[in-house]
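User: Please take a close look at one residue in this structure and what lies around it, and then carry the account on to the other parts of the chain that can be described in the same careful way. I would like one connected answer that I can follow with the structure open.

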Amino acid sequence: MDLISELDLLLKKNYSYEYQFMYAVEDLIAEMRDGHTAFSDTNYSTYLFYQEFSMYSVIKPDGTQQIKVFDDSIDPSTIDCQVIYIDGKPAIDVITEFARNHVRDSRDLSVRFNYALASLAFGDRDFKIFGQKFTLRTQLPTGPSTSYTLNCSDRISNITKAWRVPTFVSINTFFAPISSKYKSSYINETSVGNASLIFDAIISRFYVLQDFGIVLISTEDTRRFTPDQTIRFLDDIIVGFTLLANRGIKKIVFDFSNNGGGFVAIADFIVKLLFPSIEIFPEDIKVTDATTAFIKEGSNANKFYDIFNYRTFISTKTNASFNNVDEFIGNNTYIRGGTQVKYTTKAFRNETIEFLNYPVPPKFPWTEENLVILTNGICGSSCALIVQRLAEVNVPTVSVGGFPNTRFSFASFTGGTVVHSSDVNSLLDANPNLNDLVSRMTLPESKLLSFTVAEVYSVNNPDEVMDFSYRQADYQLYYDERSARDPSILWIQAEKYIKKR
């Protein structure tokens, strides 16, 4: 995509209202299908439009696919009714079209299809309804409502769901179905189905089911917590694995479903915890006059673990720290999109800096033959760094959902550090030496742009840029009426793909 040319074309069109132009820019950026790269205008994305209704997809025993009602806070009697038509068109076709054109977070249509529908996610120490982008939107819908034709136990009915926006007074109750704990007869504080909780590590949970363990990792994002709390979470992850090892657990299912990522350092920590001897993905940064200025300023400031500080990295060529900024920037040219582009010298994150003063964790007994990865493809950014790296040492991968007999990605937007325009504004404000960049790079506060500043490379295939690679899962599972609400069913199914059983 030639983004500049496409933006120029948008400027030549006529718009009745400013928000239409802002939506057009947002949609254009979304066509990149990169969860890291996004544009929005807070003037027109402050409100959420919600139908208080969500759907999910099941595959029936005969192989047919159905859309069904997952949750309905207005009329719970519709739950698990089949959705036959949406606005008079086949429901499958409507959801697929929406996923194809209006979901940005993956280049894989099956993953975008999963995003459009509802599924359960673990986060904030509870399971919640996640996704449902078809019925929960940030852009003003084109019409006031949507009509649904339902089949409820062979009784056909038509319902209409209006797009609603909460008032300040009603916002907590309005979003309760998606912001509060999901109520399920299969899930409680100590168990999921027949899986028993043995340890809660806040950003992860450890269960035992039958003769295998489950490690449920919800996020690598700890921005809401202090550095001391983050260290505690890492300690707790070690405790969880230690408890599994002490119980003699020989097999582990990793569930990374609906994990949106977080800090690269936490991803690296988990990878090295399981496989201490392997390398993490190397990375580099595109060299422009702006990034060169940022790298020089960041290195002079010597901020701890800064993406623009050359001391954060060690060279892949020498396995040693860089001596100076020029050595880090180097003279490395690659072809991207048919154009020659300069990048910094490929480098690893410096583990000594990442895990400063962190004690050496114990050696755990599991190998790639004892593990399996389960995701619904919604495993992005640092989550993708974990599962893609484990897949490169031959840990089997399983994706759930999507379309029948269509294996799809187990990870999305595998990349390095994402930068937001607010970060750039702060960097420019803090460094007077960058004043010449202010007019070119400062966005109004209401305009938000995010993008990946560092790309990562495969270890097995050193020229493969992970951001652009497509890797199908080894195996595919499907949701049904029970497993969509009881993840332990999927854990049992995924365990069958562990190599050494």
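Analyst: **A close look, from one residue outward**

In this predicted model, Phe-53 has a relative accessible area of 1%, and because buried means under 20%, Phe-53 counts as buried. The residue belongs to strand β3, which covers residues 53–59. When neighbours within four places in sequence are left aside, Phe-53 is in contact with Val-69, Asp-71, Asp-72, Thr-78, Gln-132, Thr-135, Tyr-148, Ile-159 and Lys-161. Val-418 gives a reference point elsewhere in the chain: 365 residues separate it from Phe-53 along the sequence, and the C-alpha atoms of the two are 32 Å apart.

A second strand residue can be read in the same way. Thr-397 lies in strand β23, residues 397–400, and is buried at a relative accessible area of 2%. Not counting residues up to four places away in sequence, Thr-397 touches Ile-373, Ala-391, Phe-410, Gln-472, Ala-473, Asp-474 and Tyr-475.

The salt bridges come next. Across the whole structure a search finds 19 of them, and three pairs can be followed residue by residue. In one, the side chains of Asp-41 and Lys-447 meet with an N to O distance of 3.2 Å. Asp-41 sits in strand β1 (residues 38–41) and Lys-447 in strand β25 (residues 447–452), so that this pair links distant parts of the chain, 406 residues apart. Both partners are buried, Asp-41 with a relative accessible area of 2% and Lys-447 with a relative accessibility of 16%.

Another of these pairs joins Lys-251 to Glu-495, whose side chains form a salt bridge of 2.6 Å, N to O. Here the link runs between the loop that holds Lys-251, between α8 (227–246) and β16 (252–255), and helix α16 (residues 487–495), where Glu-495 is found, and the two residues are 244 residues apart. Lys-251 is buried with a relative accessible area of 5%, and Glu-495 is buried with one of 1%. This pair also takes part in a network of salt bridges that links Asp-211, Lys-251, Glu-495 and Lys-496.

The remaining pair to follow is Glu-392 with Arg-471, in which the closest N and O atoms are 2.7 Å apart. Glu-392 is in helix α13 (residues 382–392) and Arg-471 is in the loop between β26 (454–456) and β27 (475–477), so this salt bridge ties together parts that are 79 residues apart in sequence. Glu-392 counts as buried at 8% relative accessibility, and Arg-471 likewise counts as buried at 17%.

Two helix contacts can be described next. Helix α1 (residues 3–11) and helix α2 (residues 18–30) have axes that come within 11 Å and cross at roughly 160°, which makes α1 roughly antiparallel to α2. The crossing of α1 past α2 is right-handed. On the α1 side the residues that meet α2 are Leu-3, Glu-6, Leu-7, Leu-10 and Leu-11, and on the α2 side they are Phe-21, Ala-24, Val-25, Leu-28 and Ile-29. The residues of this contact divide into nine nonpolar, no polar and one charged.

For helix α4 (residues 91–102) and helix α5 (residues 109–116), the axes come within 8 Å and cross at roughly 110°, and α4 is therefore roughly perpendicular to α5. The passage of α4 over α5 is again a right-handed crossing. Ile-95, Thr-96, Phe-98, Ala-99 and Arg-100 in α4 meet Leu-109, Arg-112, Phe-113 and Ala-116 in α5, and the residues of the contact divide into six nonpolar, one polar and two charged.

Finally, two loop residues deserve a look at their backbone. Most residues other than glycine have a negative phi. Asp-154, although not a glycine, has a positive phi of about 70°; it is placed in the loop between β10 (145–152) and β11 (155–162), and at 72% relative accessibility it counts as exposed. Asn-405, also not a glycine, has a positive phi of about 55°; it is found in the loop between β23 and β24 (418–420), and its relative accessibility of 74% makes it exposed.

Technical notes:
Residues numbered from 1 in each chain as written. Predicted model: local features only at pLDDT ≥ 70, side-chain atom pairs only at ≥ 80, totals over all residues. Heavy atoms only, no water. Salt bridge = Lys/Arg side-chain N within 4 Å of Asp/Glu carboxyl O. Helix = DSSP H or I, 4+ residues; strand = E, 2+ residues; numbered from the N terminus. Buried < 20%, exposed > 50% of the residue type's maximum accessible area, 1.4 Å probe, protein only. Axes fitted to C-alpha atoms, helices over the stretch in contact; angles between N-to-C directions. Parallel < 35°, antiparallel > 145°, perpendicular 65-115°, else oblique. Left-handed = near helix turned anticlockwise from the far one by under 90°. Contact = heavy atoms within 4.5 Å. Nonpolar A, V, L, I, M, F, W, Y, C, P; charged D, E, K, R; others polar.
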